[in-house]
Amino acid sequence: MHKIEANGARIPALGLGTWTLKGEDCADLVAHALDIGYRHLDTAGSYGNEADVGEGLRRSGLARDDVFVTTKVWWTDLAPADFRRSAEESLERLKLDQVDLLLIHWPNPKVPLAETIEALNRARADGLARHIGVSNFPTDLLAEALSLSDAPLVANQVEHHPYLDQSKVHAACRKAGMAMTSYCPLARGGDLFAEPAVAVAAKAHAKTPGQIVLRWHVQQDGVVAIPRTTRKERLAENIDIFDFALTDTEMTAISALGVKNARICDFDFSPKWDTA
């Protein structure tokens with residue numbers, strides 16, 4: 001699978017998002033995803049499924065170094081002592097010695113960012129994570145985080161899909177050598193798959209609309225997509241996007257949907273309990 005180079009990290013361009021997945025269903029789905037070629041798993045302390053994700057990883061029988069595992073520290077745990085405890089508890093639930101990528105899940109204005117970034121760096125220095133990064137950081141806050149971090153930040157995970165233009169955040173990430181990871185890459189609700197820009201491309205390439213949208217993500221410079229699904233057949237569909245390429249015209253038409261919907265994103269994020 002294609003990998004994104006980001007400040008020393010090599011991140012598989014397509015991963016499995018696990019938000020809302022729980023229990024045996026989660027473990028089984030993770031194991032199946034790894035069996036059919038996925039090599040990137042995304043979870044978080046707030047998802048309540050790290051133990052299940054870890055179980056799926058063990059069932060796969062794959063070597064630890066073959067799978068890129070991301071987890072996140074929730075915004076209520078960003079004070080240094082809480083951050084350390086949260087990261088260690090995540091590793092205990094996953095039954096891993098370290099994760100490949102540890103992220104600040106959401107910024108918390110009540111905790112000085114400098115303290116959180118220091119704790120994030122300490123987690124990396126102490127071997128809890130190979131790489132570190134952030135999630136849901138707009139450009140101004142991302143710039144501040146970059147200036148405060150001794151170690152390179154390798155990713156900023158944000159909601160991103162054709163209805164939500166993240167070009168400003170994307171540009172800031174690439175300037176800093178970071179990847180931008182797209183959660184909810186297929187959007188939530190709406191008629192994205194019926195949009196002519198998507199439907200026409202699907203017909204031209206004999207692919208599903210979902211495959212077209214995921215290809216649009218990974219064909220952008222430095223973008224990683226982590227679609228979530230509860231269906232095994234959809235897992236196979238989602239990963240089958242590396243045998244074709246969209247034309248420049250198709251990419252432009254799909255990208256224009258965000259501007260059309262007036263959703264150009266670079267604002268001050270606040271924690272949302274229903275987000276990935």
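**Group meeting: strand 8 and its neighbours**

Okay, let's start with a pairing: strand 7, residues 129–135, and strand 8 run parallel, and three bridges join them. If you want one spot to find on screen, look for Val134, which sits opposite Asn156 of strand 8. To get from strand 7 to strand 8, the chain goes through helix 5, residues 139–148, and that β-α-β crossover is right-handed. Before I go on, please keep in mind that this is a predicted model.

So how covered is strand 8? It spans residues 153–159, and seven of its seven residues are buried.

Now the other side of the pairing story. Strand 8 also pairs with strand 9, residues 179–183, again in the parallel sense, this time over five bridges. Here the pair to look for is Val158 and, opposite it in strand 9, Ser182. There's a helix in this step too: strand 8, helix 6 (residues 167–175) and strand 9 form a β-α-β unit, and it's right-handed.

Keep your eye on Ser182 for a second, as it also stands opposite Ala225 in strand 10. Strands 9 and 10 pair parallel, over three bridges. Lying across both of them is helix 8, residues 209–218, which runs at about 145 degrees to strand 10.

Okay, zooming out. Which order do the strands take in the sheet? It goes 3-4-5-6-7-8-9-10, an open sheet of eight strands with parallel pairing. At the edges you have strand 3 (16–17) and strand 10 (223–225); each has a single partner strand, so one side of each has no neighbour in the sheet.

Let me go back to strand 8 for one residue, Glu159. Buried or exposed, what would you call Glu159? Its relative accessibility is 13%, so it counts as buried, the cut-off being under 20%. Its side chain makes a polar contact with the side chain of His161, at 3.1 Å. If we skip neighbours within four places in sequence, Glu159 touches Asn136, Leu164, Gln166, Tyr183, Cys184 and Arg188.

Last stop, the core. The largest nonpolar core has 84 residues, and the ones touching the most other members are Phe83 and Leu102. And what does Leu102 touch, leaving out residues up to four places away in sequence? Its contacts include Phe83 itself, plus Val73, Leu120 and Ile132, among others. Ala129 and His131 are also among them, and if those numbers ring a bell, strand 7 is residues 129–135, right where we began.

Technical notes:
Residues numbered from 1 in each chain as written. Predicted model: local features only at pLDDT ≥ 70, side-chain atom pairs only at ≥ 80, totals over all residues. Heavy atoms only, no water. Buried < 20%, exposed > 50% of the residue type's maximum accessible area, 1.4 Å probe, protein only. Helix = DSSP H or I, 4+ residues; strand = E, 2+ residues; numbered from the N terminus. Pairing = 2+ DSSP bridges. Right-handed = clockwise from strand over helix to strand, strands pointing away. Contact = heavy atoms within 4.5 Å. Axes fitted to C-alpha atoms, helices over the stretch in contact; angles between N-to-C directions. Core = buried A, V, L, I, M, F, W, Y, C linked by side-chain atoms within 4.5 Å. Polar contact = N/O pair within 3.5 Å; in protein donor to acceptor, adjacent residues only side chain to side chain.
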